[in-house]
Amino acid sequence: MNHIEIHRPCLRACRGGAAVWLAVAGIVSQASADVGPDDEIYSSRVEAGEFEVGVRYYDLSGNGTDDGANATHETRPEIGYSPTGFWRASVSPVLVNGPRSATHLHQIQIENVFALPGNGDGLWPDTGLFLSYEIGTIDDSEDELVLGPVFEKRLAHWLLSANIFLDRAMVSAPDVGLSYGWQARWHPPAGPLDLGVQGFGEHEFLTEDDEDESENPHAPRYAPDHRAGPALFGELAIGGDAQLSYQLGLLFDLDDDAADRTLRLAVEYAFAR
């Protein structure tokens, strides 16, 4: 799949944090923008023969002055497999619902991570290449290609990660964007959970028409969208090589274009063939 953790790629959502989720979900309700690959931290590590089944959930609330009027909740069931120690692939339908629409299939994401040679010795991180194709499934939606490097580095009790992606709409006059994700995860010497902080953002490059219609025509030719916040991580061995991984994160806006708050939940069950 596309996740990060101390010993293997991980998805997140906390069975032990279910009570926390219920409390927070009442606070962070709705939002105005989709999330995308830039809203996940992808690992460069690939384990041959590993199956992964999981689900991701996002709850975005508020954006600028809309006071959460445009609610967005996204759920992504996901299944993945690593046929080799070089390639991990997954597929994920994206289900979206809001105050003005019932739950619908918004798009289908086909994601791949290719592990590049090297083992992260010295100062050099483990490196991989992320490639995703997003298939739009609603009227007037556009397919999108996402490509870029993923980095991961262990330093003592820390796991540091960074993703940098180029997004391109598959149309004759495409919009192009640059997105990123970063994460610092600390594994304490004792304790059931890892602690961390993570951030995401994007620069969506605008056309001249979009720029001219903006409130500030002299602004840079991109729309910023940056968020950051704390996260909790956990892992639970289920016998043999099977493992349940989970994460709970809460992001806050760093600019006026980002959702005020983004709740991120995920859980993954991974096992070797």
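Which element of the protein chain has the lowest mean pLDDT, and which the highest? Helix H1, residues 18-25, has the lowest, at 33. Strand E5, residues 126-136, has the highest, at 95. So keep in mind, because it matters here, that this is a predicted model, and where pLDDT is low, the predicted coordinates should not be read in detail.

Let me stay with confidence for a moment. The chain averages a pLDDT of 79. Of the residues, 73% score at least 70. Over residues 1-33, pLDDT is below 50. That stretch still has 140 contacts in the model beyond near neighbours in sequence. Then look at residues 216-221. There, too, pLDDT stays under 50. For those residues the model has eight contacts beyond four places in sequence.

Now the strands. Start with E3, residues 87-98. E3 has a partner in E2, residues 72-81. The two run antiparallel, joined by six bridges. They form a hairpin, with five residues between them. To find the register, take Tyr-81: its bridge partner in E3 is Ala-89.

E3 also pairs with E4, residues 101-115. That pairing is antiparallel as well, over 11 bridges. Here, look for Ser-90, which stands opposite Glu-111 in E4.

Which side chains of E3 are buried, and which are not? They alternate. Arg-88, Ser-90, Ser-92, Val-94, Val-96 and Gly-98 point to one face and are buried. Trp-87, Ala-89, Val-91, Pro-93, Leu-95 and Asn-97 point to the other face and are not buried.

Pick Val-91 from that second set. Its relative accessibility is 35%, so Val-91 counts as partly exposed. Val-91 also belongs to a nonpolar patch on the surface. The other members are Val-53, Ile-79, Ile-110, Tyr-133 and Met-170. Together the patch has about 460 Å² of accessible area.

Next, Ala-169, in strand E7, residues 158-169. Is Ala-169 buried or exposed? Buried, because its relative accessible area is 6%. Now find Glu-144. In sequence, Ala-169 and Glu-144 are 25 residues apart. In space, C-alpha to C-alpha, they are 4.3 Å apart. Leaving out residues up to four places away in sequence, Ala-169 touches Glu-142, Asp-143, Glu-144, Pro-174 and Asp-175.

On to charges. How many salt bridges are there? The count comes to 11. Here are three pairs.

Pair one is Arg-76 with Glu-74. The closest N and O atoms are 3.4 Å apart. Arg-76 is buried, because its relative accessible area is 0%. Glu-74 has 1% relative accessibility, so Glu-74 counts as buried too.

Pair two is Asp-194 with Arg-185. The closest N and O atoms are 2.9 Å apart. Both residues are buried.

Pair three is Asp-225 with Arg-227. Here the closest N and O atoms are 3.5 Å apart. Asp-225 is buried, with a relative accessible area of 10%. Arg-227, at 4% relative accessibility, counts as buried.

Finally, a network. Which residues are linked in a network of salt bridges? Glu-40, Arg-56, Glu-78, Glu-111 and Arg-264. You have met Glu-111 already: that is the E4 residue opposite Ser-90.

Notes
Residues are numbered from 1 along each chain as its sequence is written. This is a predicted model: local features need pLDDT of at least 70, side-chain atom pairs count only at pLDDT 80 or more; totals for chains, interfaces and linings use all residues. Side-chain values use heavy atoms; hydrogens and water are left out. Patches are made of residues with over 30% relative accessible area and no salt bridge: like charges are joined within 9 Å, nonpolar side chains (Val, Leu, Ile, Met, Phe, Trp, Tyr) within 5 Å. Accessible areas come from the Shrake-Rupley method with a 1.4 Å probe; for residues, only the protein chains shown count as cover. A salt bridge is a side-chain nitrogen of Lys or Arg within 4 Å of a carboxyl oxygen of Asp or Glu. Helices (H or I, at least four residues) and strands (E, at least two) are DSSP runs, numbered from the N terminus. Buried means under 20% relative accessible area, exposed over 50%, partly exposed in between (1.4 Å probe, protein chains only). Two strands pair if DSSP finds at least two bridges between them. pLDDT is the predictor's confidence in each residue, from 0 to 100. Contact means heavy atoms within 4.5 Å.
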